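Me: Please take a close look at one part of this model, the lining of the largest cavity by residue class. Then carry on to the salt bridges and whatever else connects, and state the cut-offs as you go.

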Amino acid sequence: MAGRELTSLRSPRVKSARRLAKRAFRRRERRFLAEGPQAVREALRIPGGLAELFTTAEAESRHPDLVAAAERAGVPVLRVSGEVMAELAQTVTPQGLLAVCGFVDVPLAGALETRPRLVTVLAHVRDPGNAGTVLRTADAAGSDSVVFTDASVDPYNGKCVRASAGSLFHLPVVVGPRFDALIPELRNAGLTVLAADGAGERTLDTAIDDGVLDRPTAWVFGNEAWGLPDEILENVDEVVRVPIYGRAESLNLATAAAVCLYASARAHRGG
């Protein structure tokens with residue numbers, strides 16, 4: 001088990017981990033922070049996914065299996081005081097386990113070489129909580145990969161990592177392509193590119209009825225407040241809106257993504 005407890009915020013290991021709260025340092029080190037037992041468990045499933053584990057004595061006693069698994073994998077396990085964990089963690093009530101993980105994203109070509117049936121694209125999505133929730137939803141719906149364009153939030157943002165609930169470690173994630181360069185790559189991989197937007201003339205119902213969703217599909221989801229810009233809407237194959245049957249003005253991003261992705265998943269499974 002972990003040895004001497006670190007109690008100083010000036011510890012080089014602690015200072016190095018704290019810097020990963022900033023995107024510039026994450027990019028430079030190609031490492032990020034993942035908090036909680038679920039994230040640690042999923043990171044351990046990836047060879048080399050977990051670089052370092054910080055734990056409090058209390059968390060170590062509650063999750064001895066995870067600490068032991070990290071040690072068996074040769075991961076340095078560092079016990080820290082509650083004060084240090086509070087500074088490292090990015091939540092109000094830290095869970096006592098904080099992992100330093102290596103970046104898991106893959107090149108776009110690698111994500112598309114398997115001729116995927118369902119791809120999720122986040123374009124101009126700025127809220128990390130929403131982005132992480134869509135990533136988790138894409139994982140649950142069987143999406144083959146998730147693409148964060150250059151105009152979207154960093155998937156390694158702490159709030160995004162937490163909202164993904166471990167899904168960041170489950171499926172190929174692509175980071176940073178420009179949308180105008182992405183479109184031809186998606187089409188070359190045999191994907192029909194659909195934008196989910198309230199301005200769409202075609203509804204999701206008619207897309208289902210007409211067999212549009214039977215094809216390999218890349219769904220594009222946009223900004224939480226103002227949707228997708230015209231330059232994207234004009235360049236996709238179709239713009240599809242989720243019909244509103246009641247009096248709600250709209251659906252939030254994560255809910256709309258869940259409806260669209262599950263509709264495609266059902267169509268691909270002959271449902």
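Reply: The lining of the largest cavity consists of 3 nonpolar, 2 polar and 2 charged residues (nonpolar: Ala, Val, Leu, Ile, Met, Phe, Trp, Tyr, Cys and Pro; charged: Asp, Glu, Lys and Arg; polar: the others, Gly among them). The model is a predicted one, in which local features need pLDDT of at least 70 and side-chain atom pairs pLDDT 80 or more, while totals for chains, interfaces and linings use all residues. Residues are numbered from 1 along each chain as its sequence is written, and side-chain values use heavy atoms, without hydrogens or water.

There is 1 cavity of 30 Å³ or more in the structure, and the largest cavity holds about 40 Å³ of space. On a 1 Å grid over the protein atoms alone, a cavity is a set of points where a 1.4 Å probe fits but cannot get out; a pocket is an open set with protein on both sides within 12 Å along at least five of seven lines; lining residues have an atom within 4 Å of a point. Points are joined across faces, edges and corners, and the volume is the space filled by probe spheres set on them.

The residues that line the largest cavity are Leu33, Ala34, Glu35, Gln90, Leu98, Gly158 and Arg162. Two elements give two or more residues to this lining, strand E1 (31-35) and helix H9 (158-164). E1 makes the largest contribution, with 3 residues. Helices (H or I, at least four residues) and strands (E, at least two) are DSSP runs numbered from the N terminus.

The loop between H2 and E1 contains Arg30. Its phi is near 55°, a positive value in a residue other than glycine. Arg30 has a relative accessible area of 42% and is therefore partly exposed (buried is under 20%, exposed over 50%, partly exposed in between, with a 1.4 Å probe and protein chains only). His124 is another non-glycine residue with a positive phi, about 65°. His124 sits in the loop between strand E5 (118-122) and helix H8 (128-140), and at 18% relative accessible area His124 is buried.

The loop that leads to H9 takes part in a salt bridge, so the next topic is charge pairing. A salt bridge here is a side-chain nitrogen of Lys or Arg within 4 Å of a carboxyl oxygen of Asp or Glu. Asp154 pairs with Arg26, with the closest N and O atoms 2.8 Å apart. Because Asp154 is in the loop between strand E6 (145-148) and H9, and Arg26 is in helix H2 (residues 23-29), this pair ties together parts that are 128 residues apart in sequence. Both partners, Asp154 and Arg26, are buried.

In total the structure holds 13 salt bridges. One of them joins the side chains of Arg13 and Glu52, at 2.6 Å from N to O. Arg13 belongs to helix H1 (residues 12-18) and Glu52 to strand E2 (residues 50-55), so the two tie together parts 39 residues apart in sequence. The burial of the two ends can be given separately: Arg13 is partly exposed at 36% relative accessibility, and Glu52 is buried at 10%.

Strand E2 also holds Thr55, which is buried at 0% relative accessibility. The C-alpha atoms of Thr55 and Leu97 are 4.7 Å apart in space, although the residues are 42 apart in sequence.

Another salt bridge, between the side chains of Glu58 and Arg62, spans 3.9 Å from N to O. These two lie 4 residues apart in helix H4 (residues 57-62), so about one helical turn separates Glu58 and Arg62. Glu58 is exposed, at 54%, and Arg62 is partly exposed, at 46%. Salt bridges with shared partners also make one network of Arg23, Arg26 and Asp154.

For the open counterpart of the cavity, the largest pocket contains about 480 Å³ of space. It is lined by 21 residues, and those closest to its centre are Asp197, Gly198, Ser250, Leu251 and Ala256. Strand E11 (238-241) and helix H13 (253-268) each give at least two residues to the lining of this pocket. By class, that lining has 11 nonpolar, 6 polar and 4 charged residues. The loop between E11 and H13 includes Ile244, and Ile244 is partly exposed at 35% relative accessibility.
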